[in-house]
Amino acid sequence: MTAQLTPPGAVTTAEAAAPYVPRHDVDTTAVPFRVADGVHLPVERYYDRQFADLEYEKMWLHTWQWACREEDIPEPGDFIEYTIVDKTVIAVRQPDRSIKVLNNVCPHRATQLVEPADAGTFGGNQIVCPFHGWRFNTDGSQSYIYCRKGFVPGSIDPDKMLLTEVRSAVKYGFVWINFDDEAPTLEEFFGTYDKHLGPMAMDRMRVRWWKHSIVPGNWKVATEAFLEAYHVMQAHPELAMGAADDDYNADGVPYFHHGMGHVDTTTPFDPEHPEDYVLPPTLVAGMEPGRFFIDQNQVLFEGTDGFATARDEYIADRIRDLPDDQVLLKFFEELYKYAEEADIPLPPLDPNISTYGFVFPNFVFLGLTGNLLFYRFRPNGHDPDSAIFEALAMQIPRRCDMDNAAPRREGPLEPEDWPFVLQQDMGNIYRQQAGYRSGAITHSTLSPKYEPMIFSLHSEIDRYIATY
Ligand code: FES
Ligand SMILES: [Fe+2]
């Protein structure tokens with residue numbers, strides 16, 4: 001790793017940029033290619049192999065991350081595999097219906113017990129190693145070893161030869177894991193963010209579709225494509241509805257809690273108190289909020305089939321011709337009426353509900369009442385130029401459909417196989433990655449007003465690297 005570069009311009013703008021640096025109380029001066037001011041990010045953060053290794057060792061191995069949805073493993077014996085860089089784990093539903101997460105590694109000679117991204121059911125609640133057939137119960141305990149007598153006494157005792165457990169917790173219908181037993185609890189990790197995530201009732205949602213691609217870019221490049229609205233005017237003209245510059249509100253989400261952010265109500269942006277600011281719901285100047293809401297949802301339905309769904313469009317079609325100032329209220333009135341008739345347990349409207357949010361380090365969501373489109377981004381092994389990009393659509397179904405089998409992951413998809421808004425987002429990832437690697441620029445230059453979430457992400461990564 002080379003020494004930290006001082007990006008040109010950083011000195012002259014440091015003072016102006018200082019108020020925008022996300023605040024935490026950890027000294028990050030020893031972190032290579034660190035976030036040194038509130039405007040510049042050194043390009044090496046996106047392709048330097050050793051920086052990627054630091055992220056893995058200091059961040060991925062110490063942060064909470066979601067491994068699967070609860071509905072992926074509904075019945076005892078059901079399992080699904082999750083990989084993060086070198087770690088591979090299996091989430092398994094136990095006979096008592098609780099969930100355990102086990103290292104996917106045989107203690108005999110390290111064979112992986114299931115394949116990456118594998119899902120299914122362990123017959124007879126037995127996990128069988130494909131190499132020499134050692135067997136384990138679904139709680140990881142030893143069940144059977146062929147020809148025990150040939151091993152040195154004591155060397156394969158049940159307390160030594162078992163599948164070790166990884167710390168896990170269930171929240172919002174997700175199974176979260178953390179490889180660090182000393183890390184803060186999941187409740188501490190979310191902190192006050194729970195006030196905004198809880199009312200969304202994600203635990204009542206069920207996955208409608210789950211797709212993935214391997215993208216030629218760093219996992220942060222992929223994540224950042226979804227951390228600002230500044231690109232909407234150029235990359236998603238249909239969503240900007242022709243508005244640009246002062247007519248389009250691309251204000252970003254400020255540092256919130258542990259690098260996370262969300263959107264709910266409207267407050268003015270104040271650089272002195274960015275923590276108070278949240279994105280206004282109407283992004284296009286002069287457009288009545290209800291009309292914007294209805295029109296944007298139509299594009300998002302056609303362009304994502306996730307943020308807005310056929311159900312929302314069915315409701316919207318009933319009220320589309322009403323006067324502008326009536327559509328928003330009427331939409332929710334009709335939605336709740338429909339939900340009641342169809343026995344869909346929508347949560348009550350809550351001013352704290354987020355329509356957009358970021359859960360550090362790699363989970364972005366956008367949604368309406370009762371449904372969500374969300375993304376997960378992961379490094380693809382140790383290659384800093386490759387990432388696993390996943391998108392999932394969730395919706396609260398009718399009560400009678402709650403226990404339907406969850407769809408398995410599709411893909412890897414080619415870019416043209418995604419809904420068009422996602423194609424627009426993915427189209428710039430490889431261009432950015434190539435540009436960062438080119439040596440033509442030494443840093444990216446961000447707007448603290450439009451792109452603060454990107455600083456939040458990087459600042460929090462530096463906090464982890466400096467801490468562990
Ligand atoms: S490696 Fe698993 S039984 Fe030998
Ligand atoms: Fe986008």
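The following exchange between a student and a tutor works through a predicted model, from its metal site to its sheet and its cavity.

Student: Which residues coordinate the iron ion (ligand 2)?

Tutor: The donors of the iron ion (ligand 2) follow the spacing H-x4-H-x188-D along the chain, a pattern that names two histidines and an aspartate. The coordinating atoms are NE2 of each histidine and OD of the aspartate, at 1.9 to 2.1 Å. The residues are therefore His231, His236 and Asp425.

Student: How many residues apart are histidine 231 and aspartate 425, and are they buried or exposed?

Tutor: Histidine 231 sits in the loop between helix 5 (219-224) and helix 6 (232-235), whereas aspartate 425 belongs to helix 11 (residues 420-426). The pair thus links distant parts of the chain, being 194 residues apart. As for accessibility, both histidine 231 and aspartate 425 are buried.

Student: Which strands stand at the edges of the open sheet of 7 strands?

Tutor: The strand order in this sheet is 2-11-10-5-4-3-6, with antiparallel pairing. An edge strand has a single partner strand, so one side of it is left without a neighbour in the sheet. The strands in that position are strand 2 (65-69) and strand 6 (119-121).

Student: What is the average twist from one strand to the next in that sheet?

Tutor: The sheet is the open one with the order 2-11-10-5-4-3-6. Taken from one strand to the next, its twist averages 30°.

Student: Which residues of strand 11 point the opposite way from Phe174, Trp176 and Asn178?

Tutor: In a regular strand the side chains alternate between the two faces of the sheet. Strand 11 (residues 174-178) is mostly covered, as 5 of its 5 residues are buried, and Phe174, Trp176 and Asn178 point one way from the strand. Those that point the other way are Val175 and Ile177.

Student: Which residues stand opposite isoleucine 177 and asparagine 178 of strand 11?

Tutor: Strand 11 pairs with strand 2 in the antiparallel sense over 4 bridges, and 5 bridges join it to strand 10 (residues 165-171), again running antiparallel. On the strand 2 pairing, the residue opposite isoleucine 177 is glutamine 65. On the strand 10 pairing, the residue opposite asparagine 178 is arginine 167.

Student: Which residue takes a positive phi in the hairpin of strand 10 and strand 11?

Tutor: This hairpin has 2 residues between the strands. The positive phi is near 60°, and the residue that takes it is tyrosine 172.

Student: Which residue stands opposite threonine 83?

Tutor: Strand 3 (residues 78-84) and strand 4 (residues 87-93) pair in the antiparallel sense over 6 bridges. Facing threonine 83 from strand 4 is threonine 88.

Student: Which element gives the most residues to the lining of the largest cavity?

Tutor: The count comes to 1 cavity of 30 Å³ or more, and its volume is about 90 Å³. The lining comprises 14 residues, of which Ala52, Glu55, Trp219, Pro379 and Gly381 lie nearest the centre. Two or more residues come from each of helix 2 (49-60) and strand 17 (383-395). With 5 residues, the element that gives the most is helix 2.

Student: Why does valine 284 count as buried?

Tutor: Valine 284 is found in the loop between strand 13 (261-263) and helix 8 (289-304), and its C-alpha atom is separated by 5.7 Å from that of aspartate 247, 37 residues apart along the chain. A residue counts as buried under 20% relative accessible area. Valine 284 is therefore buried because its relative accessible area is 8%.

Technical notes:
Residues numbered from 1 in each chain as written. Chains lettered and ligands numbered in written order. Predicted model: local features only at pLDDT ≥ 70, side-chain atom pairs only at ≥ 80, totals over all residues. Heavy atoms only, no water. Donors = N, O, S within 2.8 Å, 3.2 Å for Na, K, Ca; no water. Buried < 20%, exposed > 50% of the residue type's maximum accessible area, 1.4 Å probe, protein only. Pairing = 2+ DSSP bridges. Axes fitted to C-alpha atoms, helices over the stretch in contact; angles between N-to-C directions. 1 Å grid on protein atoms, 1.4 Å probe; cavity = no way out; pocket = protein on both sides within 12 Å on 5 of 7 lines; lining within 4 Å. Points joined across faces, edges and corners; volume = space filled by probe spheres on them.
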